[in-house]
Amino acid sequence: MGRVTGRRKVLRIDDHGARHRPDTLAAEEPLEIQLNDEPFTVTMRTPGDDVDLALGFLHAESVITSAEDVGSARHCTDSDLNVLDVALRVPAPARQRGFTVSSACGACGASSMEALWEHYGPQARYNIAADFTVMSSQTLLGLPDRLRTAQKVFDRTGGLHGAALFNLDDEMLCVREDVGRHNAVDKVVGWAVREDLLPLRGHALAVSGRVGAEIVQKAAMAGIPIIAAVSAPSTLAVDLAARWGMTVGGFIRNGQCNIYTGEQRIQV
């Protein structure tokens, strides 16, 4: 497994002129995920928490539903490449996801709009609308700042997205970083899979950027009722959240926010 950061020479230009200096960058490397020693997909990610990433990704793809579906997950030491093999206790999917997942968006490899809607079409695994979790607006407004404080690698690079899981006791249970916003969410969900915490009723997911449909889908598959974001959601993200009974708060900064769906969960 590689390093989470790397050093590169840059030309720094500021009020004092121009000079060369080293700069710390977030690492981005490919990871091949195998199922039962057979290639399944390749994803671009920041090294670290690879098992969580793989389990979260497989959960979002409905390959697994819990840790009981996994026999083992290990890096292949006999390869010069970054390869992680997941041994399944359930049948492997007949159709492999035969494309590279970029660090920008987990659905970018969809070959057609029909395939994309098929990916988002099924109902969420859990009945999130029946989760009557209530969170105070004060707590909601504080989640992105708490996530930002916990982003240690971002402090060094400025180039990573973050995701964190909170419970109703306002405790931050897990925080993960990655160059891909959807990877950061996969790492959080994968951690919850390993800890046998699913469904994540009564929890909130905080993300450091915008909320796309992919993030809503991953959170819904894990049963998370509340998403809190620094930036805005997309139209499809809001439509899916409304369909599945989720609460989405965006533009959470400077003591303000917008509640796009599920406002009944937020106590003002």
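This note walks through helix 1, its partners, one aromatic pair and one sheet in a predicted model.

1. Helix 1. This helix covers residues 50-60 and is mostly covered. Of its 11 residues, 10 are buried. Among them are Asp-50 and Asp-52, as well as Leu-53, Leu-55 and Phe-57. The buried set also includes Gly-56, Leu-58 and His-59. Just after the helix comes Ser-62, with a positive phi of about 65 degrees.

2. Helix 1 against helix 5. Helix 5 spans residues 181-194. Its axis lies 6 Å from that of helix 1, and the two pack at an angle of about 90 degrees. Angles of 65 to 115 degrees count as roughly perpendicular, so helix 1 and helix 5 are roughly perpendicular to each other.

3. Who meets whom there. From helix 1, the contact takes in Val-51, Asp-52, Leu-53, Leu-55, Gly-56, Phe-57, His-59 and Ala-60. From helix 5 come Asn-183, Asp-186, Lys-187, Val-189, Gly-190, Trp-191, Val-193 and Arg-194. By type, the residues of this contact are eight nonpolar, four polar and four charged.

4. Lys-187. Is this residue of helix 5 buried or exposed? Lys-187 has 1% relative accessibility and counts as buried, because the cut-off for buried is under 20%. Lys-187 sits in helix 5. Beyond its neighbours within four places in sequence, Lys-187 is in contact with Asp-52 and Leu-53, both of which also belong to the helix 1 side of the contact with helix 5. Other contacts of Lys-187 include Thr-46, Gly-48 and Asp-49. Arg-176, Glu-177 and Asp-178 are also in contact with Lys-187.

5. The aromatic pair. How many aromatic pairs does the structure hold? It holds one. The partners are Phe-40 and Phe-57, with ring centres 6.4 Å apart. Their planes stand at 65 degrees, so the pair is edge-to-face. Phe-40 lies in strand 4 (residues 38-45) and Phe-57 in helix 1. The two are 17 residues apart, and the pair links distant parts of the chain. Phe-40 is buried at 6% relative accessibility. Phe-57 is buried too, with a relative accessible area of 6%. Phe-57 also takes part in the contact with helix 5.

6. Helix 5 against helix 6. Helix 6 covers residues 213-221. The axes of helix 5 and helix 6 come within 10 Å and cross at roughly 5 degrees. That angle makes helix 5 roughly parallel to helix 6. On the helix 5 side, the contact uses Arg-181, His-182, Val-185, Asp-186 and Val-189. On the helix 6 side are Glu-214, Ile-215 and Lys-218. The residues divide into three nonpolar, one polar and four charged. Asp-186 and Val-189 of helix 5 appear here and in the contact with helix 1.

7. The sheet. Six strands make an open sheet with mixed pairing, in the order 10-9-11-12-13-14. Which strands form the edges? They are strand 10 (172-178) and strand 14 (256-261), each paired on one side only. Neighbouring strands are turned by 20 degrees against each other on average, direction ignored.

8. Strands 9 and 10. Strand 9 covers residues 161-167. Six bridges join strand 9 to strand 10, and the two run antiparallel. Within this pairing, Leu-165 stands opposite Cys-174 in strand 10.

Key. Residues numbered from 1 in each chain as written. Predicted model: local features only at pLDDT ≥ 70, side-chain atom pairs only at ≥ 80, totals over all residues. Heavy atoms only, no water. Buried < 20%, exposed > 50% of the residue type's maximum accessible area, 1.4 Å probe, protein only. Helix = DSSP H or I, 4+ residues; strand = E, 2+ residues; numbered from the N terminus. Axes fitted to C-alpha atoms, helices over the stretch in contact; angles between N-to-C directions. Parallel < 35°, antiparallel > 145°, perpendicular 65-115°, else oblique. Contact = heavy atoms within 4.5 Å. Nonpolar A, V, L, I, M, F, W, Y, C, P; charged D, E, K, R; others polar. Pairing = 2+ DSSP bridges. Phe/Tyr/Trp six-rings, centres within 6.5 Å; stacked < 30°, edge-to-face > 60°.
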